[in-house]
Amino acid sequence: MNRFAGLFTAIEQTTKTNSKLEALVQYFQEAPEEDSIWAIAILMGKTFRSGIKTRDLKVWATELAGIPAWLFEESYHVVGDLAEAIALVLPRQAGQFSASLSGTIGILQMLTTQPEEERKEVIVDCWMRMEQTERLVFNKLITGNFRMGISSQLVIRALARYTGADEAQVAHRLMGKWDPRNTSMKSLLLDKGRLAEDFRPYPFFLAYPLDAAPETLGDPAEWQVEEKYDGIRGQIIVRNGTVFVWSRGEELVTDKFPEFATLPGILPDGTVLDGEIIGRKDGNLLPFSMLQTRIGRKKLSPAILNASPLVMICYDLLEWNGADIRSQALIERRLLLMQLLATLPGGTPLLLSPVFDCGDWAEVRAIRARSREHHCEGVMLKRKDSIYERGRKRGNWWKWKVDPFTIDAVLIYAQPGHGRRANLFTDYTFAVWEGEQLVPFAKAYSGLSDKEIEELDRWIKRNTVEKFGPVRSVRPELVFELAFEDINLSARHKSGVAVRFPRILRWRKDKPAAEANHKQDLLHLIKEKNI
């Protein structure tokens, strides 16, 4: 445990990528194999739930520290992270903690079946034998909120250097579900047979946002132009007579999409498709809101399946007849994809993503401009000779999204952020007018500069009306221009509307609150969008 806490400290204390990389490699070289496996799982985001309630942790820490509950809550709100707040308030270490990382996780897993008093006794004993950084890491393991300043790509680079394997191979082996309790470093990273596991997806290749005029990309004839669909990015895998559906977030979601259950009898074994899962009915694509409502259901009734049937709009073929073809040019993979889909019977829930033949960038702009009419977010630009890479890379795949919806709204609530912004009010709630009342309709926490956040924080503290725990209501005086990707009617929201991906565009210091937008303006956007 001490070694892993040291890794945590080394990573948190530097912003240099190479230093973080060296710390990771050194850890894998020195740590026992069983610890390394758990470290990989944690660093790749595959944390586990201990079953211990955060409410109990607060009570136990407060009792041990000998402080009143209100003081701990105030401290927690200032620190912004429960694991760190507990580590800071606990009394001085009174022993030595000797368990390894894997041993510590074993202790936590054992506690899931124990009564509360047993859990408390073990947790308190561990706390009192740990130094502060060990306590912090330990608490993060308990809460499952384990974030370190490294990307999964950096972990992959470190493991590639440690094992001498190719980065792409390491990335592929780490995809999908694997259990640290019954996995060895060799079976995870080196055994050739692991790549043949039927369920394993490929790392997704992600497009970069286009941040310049499309003319900078050169001749449009060198680019494949497609619509950017507003659905769930996924891979459909058919191997050995079984279908697996994976989301981009590495979740196995086969059961969520029964439409694809018949594909093993239709697609040849050794097929992996990359595309967008989206609602489609009567030949028309459905808005993402309908898909979002469906995937939130635990049970899919016939009525729900009929209301929002799904298809995958396929735009790439990654595996063909059991062979990995990602290294072939996009234009070659596209040809194979077209040939495959052309052989499928009618009614198969797989569609080919249309490609637009554009003679100039003005035609591409026109396609992008009418994206919302097709429930799309913009266009994708993919270099025709590009291979299928992994992760988000600049150069070969670009996404050019439509301009967002915008609205001017009034700030009415604020609460502190987390991490380095735990002492600042950075999470905001905004409202629009409905008659003489302000109705909350969106929350946003990004878009302002550090200087603006500090200025706004000072204003919030001077203009607080009421406090509700960490939340403060403020005088309804400040106006901000918000941007969002989509807007729909919603019975679940007080305003009657729901917006997607709201963020702050600018602080409208030139505008009084009385001139902010009204709810009717939001309804007009919905009507305009659906024309």
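In this predicted model, Ile387 sits in the loop that links strand E11 (376-383) to strand E12 (391-392). Its relative accessible area is 39%, so Ile387 is partly exposed. Beyond its neighbours within four places in sequence, Ile387 is in contact with Phe205, Arg326, Ser327, Gln328 and Arg333. One of these partners, Phe205, is 182 residues away along the chain. The C-alpha atoms of Ile387 and Phe205 are nevertheless separated by 9.7 Å.

Helix H15 spans residues 330-342. Two of its residues were examined, Glu332 and Leu340. Glu332 has 41% relative accessibility and therefore counts as partly exposed. Its C-alpha atom is 9.6 Å from that of Leu317, a residue 15 places away along the chain. Leu340 has a relative accessible area of 3%, so this residue is buried. The cut-off for buried is under 20%. Leaving aside neighbours within four places in sequence, Leu340 is in contact with Leu267, Pro268, Thr271, Leu273, Leu317 and Trp320. Trp320 is 20 residues from Leu340 in sequence. In space, the two are 9.3 Å apart, C-alpha to C-alpha.

After H15 comes a loop that leads to strand E10 (350-352), and Thr348 lies in this loop. With a relative accessibility of 11%, Thr348 counts as buried. Thr348 touches Leu263 and Ile266, when residues up to four places away in sequence are not counted.

Nonpolar cores were examined next. The largest one has 67 residues. Within this core, the residues with the most contacts are Leu101, Ile123, Trp127 and Leu174. Helix H3 (residues 33-43) gives the largest share of the core, seven residues. A second, separate core has 30 residues, including Ile407, Ala409, Trp459 and Ile504. In soluble globular proteins, nonpolar side chains tend to be buried together.

Leu101 shows what such contacts look like in detail. Not counting residues up to four places away in sequence, Leu101 touches Met1, Phe4, Tyr27, Asp35, Trp38, Ala39, Ile42 and Leu141. Ala99 lies in the loop between H6 and H7. Outside its neighbours within four places in sequence, Ala99 is in contact with Met1, Thr104 and Ile107. Met1 is thus touched by Ala99 and by Leu101. Ala99 and Cys126 are 27 residues apart along the chain, and their C-alpha atoms are separated by 9.5 Å.

Helix H1 covers residues 2-12. Phe4, Ala5, Leu7, Phe8 and Ile11 are buried in this helix. These residues lie on the same side of H1, because they cover an arc of only 155° around the axis. An α-helix has 3.6 residues a turn, so residues three or four places apart point the same way. The buried residues of H1 pack against four named helices: H2 (17-30), H3, H7 (101-111) and H9.

Helix H9 (residues 132-143) also meets helix H6 (residues 82-89). The axes of the two helices come within 8 Å and cross at roughly 145°. The crossing of H6 past H9 is right-handed. On the H6 side, the contact is made by Leu82, Ala83, Glu84, Ile86, Ala87 and Leu88. On the H9 side, Gln132, Arg135, Leu136, Asn139, Lys140 and Thr143 take part. By type, the residues of this contact divide into six nonpolar, three polar and three charged.

Backbone angles were considered last. Most residues other than glycine have a negative phi, and most peptide bonds are trans. Asn240 has a positive phi, near 50°, and is not a glycine. Asn240 is placed in the loop between strand E4 (232-239) and strand E5 (242-247). Its relative accessible area is 56%, so Asn240 is exposed. Phe501 is another residue that is not a glycine and has a positive phi, in this case about 55°. Phe501 is in the loop between strand E21 (497-500) and strand E22 (503-507).

Note on methods: Residues are numbered from 1 along each chain as its sequence is written. This is a predicted model: local features need pLDDT of at least 70, side-chain atom pairs count only at pLDDT 80 or more; totals for chains, interfaces and linings use all residues. Side-chain values use heavy atoms; hydrogens and water are left out. A nonpolar core is a set of buried Ala, Val, Leu, Ile, Met, Phe, Trp, Tyr and Cys residues joined through side-chain atoms within 4.5 Å. Buried means under 20% relative accessible area, exposed over 50%, partly exposed in between (1.4 Å probe, protein chains only). Contact means heavy atoms within 4.5 Å. Axes are lines fitted to C-alpha atoms, for helices over the stretch in contact, and angles run from 0 to 180 degrees between N-to-C directions. A crossing is left-handed if the near helix is turned anticlockwise from the far one by less than a right angle, and right-handed if clockwise. Ala, Val, Leu, Ile, Met, Phe, Trp, Tyr, Cys and Pro count as nonpolar, Asp, Glu, Lys and Arg as charged, and the others, Gly among them, as polar. The arc is that of the directions from the helix axis to the C-beta atoms.
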